[in-house]
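Work through the exercises below with the sequence and the structure in view. Each task is followed by a solution in steps.

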There are 2 protein chains.
Amino acid sequence: MEHNQLPLDRAFHALADPTRRAVVQRLGQGEATVSDLAVPFDMALPSFMKHIRVLEGAGLIDSNKIGRVRTCKLKSETLAAVEKWFGDQRAIWENRHQNLDNLLAQLKGE
Amino acid sequence: MEHNQLPLDRAFHALADPTRRAVVQRLGQGEATVSDLAVPFDMALPSFMKHIRVLEGAGLIDSNKIGRVRTCKLKSETLAAVEKWFGDQRAIWENRHQNLDNLLAQLKGE
DNA sequence: CCAACACTTAGCCATTACGCTAACTGTTGA
DNA sequence: TCAACAGTTAGCGTAATGGCTAAGTGTTGG
């Protein structure tokens, strides 16, 4: 169980930064080049590129370079995989409440 | 838009650590004391306590001390709030696909 | 009453994160 | 052809992270 923690570590870490979340959000609307993505941020390009690489390292985005231009796109499968963690978590949590309900019903019945 | 980034930052950061995710998962099954929570981890207590405080600082858990014992419980609302980010994200993404579909349909119709 | 218990505080250390500037590489439009 | 463009590499500085040990505080069971 849970021998794939590292991917989750990387994904959550990547999403912990507002710049990176904004990039993910932007890419949700379609592909974009690095320079285009960088425009809204008051940050030097090398700094911004680090964010891109973190996102790519986390498998949240994909990028490829054609000529001198690098284009990025969202990998929504990875995003979905992270979201799944919450689903699993809620399943445990709801199951516990179910058990509590059962217990209460049982106590009531006696 | 997005003036509550800091809470998300903290929450995602908190969840980026496997120890802390495990604690959240454990607390999904019900309240537990700090010492109980610490058992599965090969880590000194002060180190473990830092994780607890990070989780609490992120609003993912709540704790209160009675006598010498501190008991922790999950704050599932916060967890749900983080999960919502993915929902919002997917909404954007799916809307885009909807738009693409519309475009394709339109092109086809001509 | 006092030793054991359950944290808690303080402080140290190594590593990683995230920003910067300066200088470099390869591509391309005029 | 060559200057402008789009990134990239290298290296630096500060701050935060995540671990540790040692010693302290307040509570409690026997």
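**Exercise 1: the surface near DNA strand D**

In this predicted model, helix 3 (34–38), helix 4 (45–57) and strand 3 (69–74) of chain A, along with helix 4 (45–57) of chain B, each give at least two residues to the surface near DNA strand D.

Task: find which element gives the most to this surface, which residues come nearest to the strand, and how the surface divides by class.

Solution.
1. Start with the elements: helix 4 of chain B gives the most, with 4 residues.
2. Next take the residues, counting one as near if its C-beta atom lies within 6 Å of the strand. There are 21 residues around DNA strand D, and the nearest are A:Ser35, A:Pro46, B:Ala44, B:Ser47 and B:Gly67.
3. Then sort by class: 9 residues are nonpolar, 7 are polar and 5 are charged.

**Exercise 2: two protein chains**

Task: state what rotation and shift superpose chain A on chain B, and describe the contact between them.

Solution.
1. Chain A falls on chain B after a rotation of 180 degrees with 0.0 Å of shift along the axis, at an RMSD of 0.0 Å.
2. The two chains are therefore related by a two-fold axis.
3. Both copies use the same surface, as 100% of the contact residues of chain A recur in chain B.
4. Chain A brings 20 residues to the contact and chain B brings 21 residues.
5. On the side of chain A that touches chain B, helix 1 (5–15), helix 2 (18–27) and helix 5 (76–109) of chain A give two or more residues each. Helix 5 of chain A has the largest share, 8 residues.
6. By class, this side of chain A has 9 nonpolar, 8 polar and 3 charged residues.

Notes
Residues are numbered from 1 along each chain as its sequence is written. Chains are lettered from A and ligands numbered from 1 in the order in which they are written. This is a predicted model: local features need pLDDT of at least 70, side-chain atom pairs count only at pLDDT 80 or more; totals for chains, interfaces and linings use all residues. Ala, Val, Leu, Ile, Met, Phe, Trp, Tyr, Cys and Pro count as nonpolar, Asp, Glu, Lys and Arg as charged, and the others, Gly among them, as polar. Copies are superposed by least squares on the C-alpha atoms of residues with pLDDT of at least 70 in both. Two residues are in contact if their C-beta atoms, placed from the backbone, lie within 7 Å.
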